[in-house]
Amino acid sequence: MPQVFKRIVIVGGGTAGWMAAAALNHYLKDQSTVVTVIESSAIGSIGVGEATIPNIVQFNRNLGIDEIEFIKATKATFKLGIQFEKWSVTCDKFFHPFADYGTTIDNVEFHQYINHMRASGHNASLKSYSFACVLANYGNFAQPHPNPPSPLADYAYAYHFDAGRYAAFLKNWCTARGVEHIDGLINETKLRVDNGFIKSVVLEDSTEISGDFFIDCSGFQGLLIEKSLQTGYEDWSKYLLCDRAVAMQTKSVGEPDPFTRSIAHDNGWQWHIPLQHRTGNGYIYASRFQNQDSAEQQLKNNIIGEAINEPRHLRFTPGRRLKIWNKNCFAIGLASGFLEPLESTSISLIQTALAKLLTFFPDSSFNQADIDEVNRLHNHEMENIRDFLILHYKLSGRDDSEFWRTCRDMEIPATLQHKINLFKSRGHIVMHENESFEKSSWLTMYNAFGVIPNRQDPRAELVSTQLIASKLSQMQQSIDGAAKQAMSHQQFIDKHCRAPQN
Ligand SMILES: Cc1cc2nc3c(=O)[nH]c(=O)nc-3n(C[C@H](O)[C@H](O)[C@H](O)COP(=O)(O)OP(=O)(O)OC[C@H]3O[C@@H](n4cnc5c(N)ncnc54)[C@H](O)[C@@H]3O)c2cc1C
């Protein structure tokens with residue numbers, strides 16, 4: 001008879017480990033299963049990963065976490081999207097909002113009208129029809145209304161938060177609800193002789209901790225999924241050239257932007273993440289083209305504000321674990337793979353992996369069909385994100401360094417080429433199963449990188465440019481008026497969720 005687990009062991013107490021513990025504790029609360037988190041304070045967690053995408057809001061909400069309490073505890077700010085600077089040869093900067101543009105008219109997508117207007121010689125800029133873009137441009141913030149009176153105000157937001165504080169916040173939340181916490185260094189994993197499943201982990205002091213199901217949140221090394229089970233890793237560095245990072249925190253200067261900044265450089269790009277108490281900065285680069293010392297100098301030359309810690313260097317191999325679920329081990333977070341932080345997808349992948357785990361939650365029979373389906377879904381999801389990230393580099397148009405020329409000339413996956421071809425054909429935006437980014441995100445990129453459909457949608461051409469121009473003008477005015485009236489991001493924080501200064 002299949003049995004409910006007695007103990008689930010989570011290895012790792014970074015963002016992934018504590019998010020996993022919180023979700024399992026919450027959703028398994030009526031079962032007798034004990035959830036144990038083992039982490040090593042001597043190793044610590046990676047300490048980066050501070051920009052998110054909107055599904056984090058729902059993750060906290062589903063757990064019943066109070067938003068204001070969370071924001072104060074993690075010194076978070078709000079994020080309406082990402083401002084890309086020096087990425088495209090067609091514009092100095094552009095904004096990727098968590099929002100749609102305009103509204104569908106007569107079942108025809110909004111951007112088809114914009115194409116039609118442009119082809120007819122009118123100057124129509126997409127960003128003016130996204131409330132989030134305009135709000136961000138003013139440096140303002142407002143929370144979306146659950147039932148917006150106008151679809152133009154339909155947008156989402158995410159957070160920038162202090163990763164260490166988020167893990168600590170969840171740790172308190174979990175341990176107060178019965179999650180067991182062990183601080184100890186694992187130096188051995190024991191496998192069952194009969195089936196190769198994980199039997200236990202052994203700590204430095206020889207304590208052996210057995211479990212029925214193991215969640216590997218041990219970071220890049222994949223202590224269980226790779227070191228013990230040798231699951232394998234698919235390296236995507238031929239598509240995503242950046243494989244190093246240097247991170248540094250600085251004192252805040254001025255009011256926080258309600259967005260992440262991503263600034264392209266000759267051999268990679270730099271992030272700027274404003275929190276309430278400090279700013280997170282980092283530079284992601286390709287080690288084929290730049291060495292560590294030069295990368296560190298590059299970051300130091302481009303940060304604003306006084307540094308508050310020493311630069312931290314990180315190495316990674318963009319790619320994915322071949323399976324996130326192997327036998328009785330499920331890998332989440334960096335242990336399951338890492339692409340790069342360009343669109344802040346890693347924490348979101350923690351969430352979606354947890355969602356799949358909960359949907360296909362095993363018992364002691366470990367049904368292989370369920371395991372295979374989770375791996376299939378996850379692989380699709382990673383491929384879709386990979387393609388979206390590659391698009392940024394491939395279409396940038398920059399050719400001012402070897403790095404950018406390599407990006408321009410590199411082969412891209414057939415799945416991405418197919419999408420680009422269809423957009424070029426007539427503005428079709430193709431969506432696959434398990435996409436993390438909406439059509440509007442793909443549209444943002446095509447638009448910013450100057451990819452223009454060769455033909456127009458005949459349905460959009462049926463509407464006169466005069467009528468479209470008048471609708472566009474109304475939309476623009478209503479968006480601009482509402483965005484201008486909103487509070488500044490700083491005022492919003494001060495009024496609703498200012499963190500104590502400690
Ligand atoms: C440069 C960079 C920038 C990033 N930026 C973003 C971003 O903006 N947004 C985003 O969503 N994601 C980002 N990420 C990814 C994000 O940092 C991770 O997804 C997130 O922090 C989760 O990490 P983790 O918990 O999997 O691993 P870690 O934080 O590395 O945690 C590993 C845990 O395992 C424990 N451990 C390891 N070995 C042992 C052992 N032998 N015994 C006991 N315990 C052990 C450690 O103590 C630690 O608690 C970024 C990543 C990098 C590299």
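Axes here are lines fitted to C-alpha atoms, for helices over the stretch in contact, and the angles run from 0 to 180 degrees between N-to-C directions. The model shown is predicted.

**Close-up 1. Helix H3 crosses helix H6.**
H3 covers residues 67-74, and H6 covers residues 163-175. Their axes come within 8 Å. They cross at roughly 130°. An angle over 145 would count as roughly antiparallel, and 65 to 115 as roughly perpendicular. H3 is therefore oblique to H6. The crossing of these two helices is right-handed. From H3, the contact takes Phe-70, Ala-73 and Thr-74. H6 supplies Arg-165, Tyr-166 and Phe-169. By class, the H3 and H6 contact has four nonpolar residues, one polar and one charged.

**Close-up 2. Helix H9 packs against helix H10.**
H10 spans residues 368-394. The axes of H9 and H10 lie 10 Å apart, and the packing angle is about 160°. Angles over 145 degrees count as roughly antiparallel, so H9 is roughly antiparallel to H10. H9 passes H10 in a right-handed crossing. On the H9 side, look for Thr-352, Ala-353 and Lys-356. They meet Val-374, Leu-377, His-378 and Glu-381 in H10. Sorted by class, the contact of H9 with H10 has three nonpolar, two polar and two charged residues.

**Close-up 3. A shell of residues surrounds the ligand.**
Which residues come nearest to the ligand? They are Gly-12, Gly-14, Gly-49, Gly-219 and Gly-333, out of 38 residues around the ligand. Four elements give two or more residues each to this shell: helix H1 (15-27), strand E2 (34-39), strand E13 (244-250) and helix H9 (346-359). H1 gives the largest share, three residues. By class, the shell has 20 nonpolar, 16 polar and two charged residues.

**Close-up 4. Domain 1 touches domain 2.**
Both domains are built from separate stretches of the chain. Domain 1 takes in 7-50, 162-236 and 320-366. Domain 2 takes in 101-154 and 384-485. How far apart do the C-alpha centres of the two domains lie? The distance is 38 Å. The contact takes seven residues from domain 1 and six residues from domain 2. On the side of domain 1 that touches domain 2, three residues are nonpolar, two are polar and two are charged.

Conventions: Residues numbered from 1 in each chain as written. Predicted model: local features only at pLDDT ≥ 70, side-chain atom pairs only at ≥ 80, totals over all residues. Domains from an automatic or database assignment. Contact = placed C-beta atoms within 7 Å. Nonpolar A, V, L, I, M, F, W, Y, C, P; charged D, E, K, R; others polar. Near = placed C-beta within 6 Å. Parallel < 35°, antiparallel > 145°, perpendicular 65-115°, else oblique. Left-handed = near helix turned anticlockwise from the far one by under 90°.
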